[in-house]
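Me: Please take a close look at one part of this structure. Then work outward from there. Keep it simple enough for a first-year student.

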Amino acid sequence: MISKPLALSLFAIALVGMVAVVQWRASSREASVEAQYPPSGQFVEVGGTKIHLKISGQGPDIVLIHGASGSLRDFTFDLVGRLDDNYRVIAVDRPGLGWSERPPGFGGVFNTAAESPALQAQLLQAATDAVGVQNPIVLGHSFGGAIALAWALERPEETAGLVLVAAASNPWEGKLGWLYRVNSRMFGSAVVIPLITAFTPHDYIENTVSDIFAPQTPPEGYIQHFGTDMTLRRKTLRANAQQVNSLKPYVREMSKRYPNLSLPVESVHGTADDSVPIQTHAEPILRQIPGAQLDRLEGVGHMPHHTNTDAVLAAIDRIAARAGLR
């Protein structure tokens, strides 16, 4: 018969072994996907924080800000190539996502603090300042829309205009999914996230991407180009969960200041977007920002910059014209 102290010791050894296996598998998976999808642009250091961005083309500056769980690769699949004949395009990785770092005081297993939209905008502004960006059009998709709005609130006189694509802009009813709530806390950060990184099947991630595109489907080659497994890295999962889970109170306060914006704003939003519903986000913007325009895409989901790219390009050109850039 095994004594109680021996049983506890064996249990502790087994637990340590399981933790080691999970962390080893997570590290191996991260190393593999990072080797497959290395940085495609350049790094700019802002106060000790490295921000990854990619520049192409010539013309008026346009900054592209991706959404939750995203990276600048979301834009380099197609949109950048359709813009850089007429614009200088600066696609950025938001802090903690893609290849950008989180600023001091954020990140780590037991640190659940999240960067506000204003702080993210300030970091991206400093990084784009360093590469000579002036009076840019700023396009934000989904969560990136909140950052684009924060950008304009930070620099209303130095922003040519905003293009909000399926943008999160206003507080919503109810709570986020349970996984966001769990992973933004210490237990999820320390226990759940390593398990997700280590064992989530690639097919599951592909299915999740397809759900985000619904009722449309991802274009051929998108999933391979985007590198969906990059979103499963532990540091990316932590940053994303913490930022998304903290967003609602920030946009609630930001929305009170939207009426002060006088720059041109174009919104492109699908009526079938279940991730960021048009009636909660894009429609209120029409009342909140003087002169804001909405291109309502009937039956379109959350990814119009891929499924209805011409509509997004037209909105960008309208902003350029309204701002006197073209």
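Reply: Start with Ala314. Ala314 is partly exposed, with a relative accessible area of 30%. Three words describe exposure: buried means under 20% relative accessible area, exposed means over 50%, and partly exposed lies in between (1.4 Å probe, protein chains only).

A word on the source. This is a predicted model, in which local features need pLDDT of at least 70, side-chain atom pairs count only at pLDDT 80 or more, and totals for chains, interfaces and linings use all residues. Residues are numbered from 1 along each chain as its sequence is written, and side-chain values use heavy atoms, with hydrogens and water left out.

Ala314 is found in helix H14. Helices (H or I, at least four residues) and strands (E, at least two) are DSSP runs, numbered from the N terminus. Compare Ala314 with Asp295: the two are 19 residues apart in sequence, and their C-alpha atoms are 9.9 Å apart in space.

Now take the whole helix. H14 spans residues 309–322 and lies across E3, E5, E6, strand E7 (265–270) and E8. Contact here means heavy atoms within 4.5 Å. H14 runs at about 170° to E7. Axes are lines fitted to C-alpha atoms, for helices over the stretch in contact, and angles run from 0 to 180 degrees between N-to-C directions.

Those strands belong to a sheet. The sheet is open, has eight strands with mixed pairing, and follows the order E1-E2-E4-E3-E5-E6-E7-E8. Strand E1 (42–46) and strand E8 (293–297) each have a single partner strand, so they stand at the edges and one side of each has no neighbour in the sheet. Neighbouring strands are turned by 20° against each other on average, direction ignored. Two strands count as paired if DSSP finds at least two bridges between them. Strands of a sheet pair through backbone hydrogen bonds, either parallel or antiparallel.

Look at one pair in the sheet. Strand E5 (residues 137–141) and strand E6 (residues 161–165) run parallel, joined by five bridges. Gly140 has Leu164 in E6 as its bridge partner. Another helix also lies across E5 and E6: H5, which lies across strand E3 (61–65) as well and runs at about 150° to E5.

Back to H14, for its link to another helix. Asp310 forms a salt bridge with Arg82, with the closest N and O atoms 2.4 Å apart. Arg82 lies in helix H3 (residues 79–83) and Asp310 in helix H14, so the pair ties together parts that are 228 residues apart in sequence. A salt bridge is a side-chain nitrogen of Lys or Arg within 4 Å of a carboxyl oxygen of Asp or Glu. Side chains of opposite charge can pair when their charged atoms come close. Arg82 is partly exposed, at 37% relative accessible area. Asp310 is exposed, at 54%.

The whole structure holds twelve salt bridges. Another one joins the side chains of Glu34 and Arg233 (3.1 Å, N to O). Glu34 lies in helix H1 (residues 4–36) and Arg233 in the loop between helix H9 (222–226) and H10, so this pair ties together parts 199 residues apart in sequence. Glu34 is partly exposed, at 22%, whereas Arg233 is buried, at 1%.

One more pair: Arg102 and Glu115 form a salt bridge, their closest N and O atoms being 2.8 Å apart. Both Arg102 and Glu115 are buried. Salt bridges that share partners also join Asp78, Arg82 and Asp310 into one network.
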